[in-house]
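Colleague: Could we go through this model together? I should like to begin with one residue and then move outwards.

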Amino acid sequence: MANISPRKLRDDLYFYSYQQDSNIPLVISVLASLIERNLARNERIAKNCTWALSKNVRTRVFDCHETPDMTIQSYLERIFRYTRAGPSVYVVAYVYIDRFCQLYPEFRISPRNVHRLLITTIMVASKYVEDMNYRNSYFARVGGLTTNEMNKLEMEFLFLMGFKFHVNVSVFESYCCHLEREVSIGGGYEIERTLRCAEEIKSKQIEERSCSQITRVLL
């Protein structure tokens, strides 16, 4: 993450190109770094405190029997490669993860649950942000799950969150700023402000698709 600056991250959120050959969004590396740091902290806590494990049966729905042999970075890149979800989707997914952890403070992100938590939050965030989405069965294949597992995870997550998935402009911007701070801490860059909100990004996507459709018609 040393080669990422707050300005680059902001520009990626502002002007990301949704072409088939687009590079991996910078926000993925930043988000992976945040989650990996959280994982490391939780593992240290778990070693010292037997009560650190979640006793809420419902939140343990994300636990898998075997820990996936894939890094957070690789898993997020895989999701992007096959879904082409834009940067704003990952920011909103980050909002959902944070809300979930606040609602259930006993819940700890761990190697056993992080992959399922990520694919679920990203799928739900994609449905909130994007105009067109893949089916749950497709997200399941991308995430290494069965369709039934994906459907169950989504349903459980919706009820656990109380169906509160709206992310307004100020909330979106505050989380973008938090991601920016994450970058600035690593690179010592000055934090840049005034990030684009989710609604603006969504409008840009619609405009780009419209222009693309018009161009194809003219050709």
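**Phenylalanine 62 and its surroundings**

Modeller: Phenylalanine 62 is buried, its relative accessible area being 0%. Please keep in mind that this is a predicted model.

Colleague: Which residue forms an aromatic pair with phenylalanine 62, and with what geometry?

Modeller: A search of the whole structure finds 10 aromatic pairs. In one of them, phenylalanine 62 meets phenylalanine 100 edge-to-face, with 5.7 Å centre to centre and 85° between the planes. This pair links distant parts of the chain: phenylalanine 62 sits in the loop between α2 (26-48) and α3 (72-83), while phenylalanine 100 belongs to helix α4, 38 residues apart.

Colleague: Is phenylalanine 100 buried or exposed?

Modeller: Phenylalanine 100 is buried, with a relative accessible area of 0%. Phenylalanine 100 also pairs edge-to-face with phenylalanine 107, at 5.0 Å centre to centre and 80° between the planes.

Colleague: Where does phenylalanine 107 lie?

Modeller: Phenylalanine 107 is placed in the loop between α4 (87-103) and α5 (114-129). Because its relative accessible area is 5%, below the 20% limit, phenylalanine 107 counts as buried. Its C-alpha atom is separated by 8.3 Å from that of arginine 60, although the two residues are 47 residues apart along the chain.

Colleague: Which residues make up the aromatic cluster?

Modeller: One aromatic cluster is formed by Phe62, Tyr96, Phe100, Tyr104, Phe107, Phe157 and Phe165.

Colleague: And what is phenylalanine 100 in contact with, leaving aside its neighbours within four places in sequence?

Modeller: Its contacts are Thr59, Phe62, Phe107, Leu117, Phe157, Leu160 and Met161.

Colleague: Turning to the core, how many residues does the largest nonpolar core have?

Modeller: The largest nonpolar core has 55 residues, and those with the most contacts inside it are Leu76, Tyr90, Tyr96 and Phe100. Two or more residues each come from α2, α3, α4, α5, α6, α7 and α8 (169-187).

Colleague: Which element gives the most to this core?

Modeller: That is α4, with 10 residues. As a general point, nonpolar side chains in soluble globular proteins tend to be buried together.

Colleague: Let us change topic to α6. Which of its residues are buried?

Modeller: In helix α6, residues 136-143, the buried residues are Asn136, Phe139, Ala140, Val142 and Gly143. Viewed down the axis of α6, these fall within an arc of 165°, so they line one face of the helix.

Colleague: Why would residues three or four places apart point the same way?

Modeller: An α-helix has 3.6 residues a turn, so residues three or four places apart point the same way.

Colleague: What do the buried residues of α6 pack against?

Modeller: They pack against α3, α5 and α7 (147-160).

Colleague: What comes just after α6?

Modeller: Glycine 144 follows just after α6 and takes a positive phi of about 80°.

Colleague: Finally, the whole chain. How many helices and strands has it?

Modeller: The protein chain has 9 helices and 0 strands. Of its 219 residues, 44% are buried.

Colleague: What share of the contacts join residues at least 24 apart?

Modeller: Counting contacts between residues at least 6 apart in sequence, 81% join residues at least 24 apart.

Colleague: And what does the accessible surface come to?

Modeller: The accessible surface of the protein chain comes to about 12000 Å², and 53% of that belongs to carbon and sulfur atoms.

Key:
Residues numbered from 1 in each chain as written. Predicted model: local features only at pLDDT ≥ 70, side-chain atom pairs only at ≥ 80, totals over all residues. Heavy atoms only, no water. Helix = DSSP H or I, 4+ residues; strand = E, 2+ residues; numbered from the N terminus. Buried < 20%, exposed > 50% of the residue type's maximum accessible area, 1.4 Å probe, protein only. Contact = heavy atoms within 4.5 Å. Areas by Shrake-Rupley, 256 points an atom, 1.4 Å probe, with all protein chains shown as cover. Phe/Tyr/Trp six-rings, centres within 6.5 Å; stacked < 30°, edge-to-face > 60°. Arc of directions from axis to C-beta. Core = buried A, V, L, I, M, F, W, Y, C linked by side-chain atoms within 4.5 Å.
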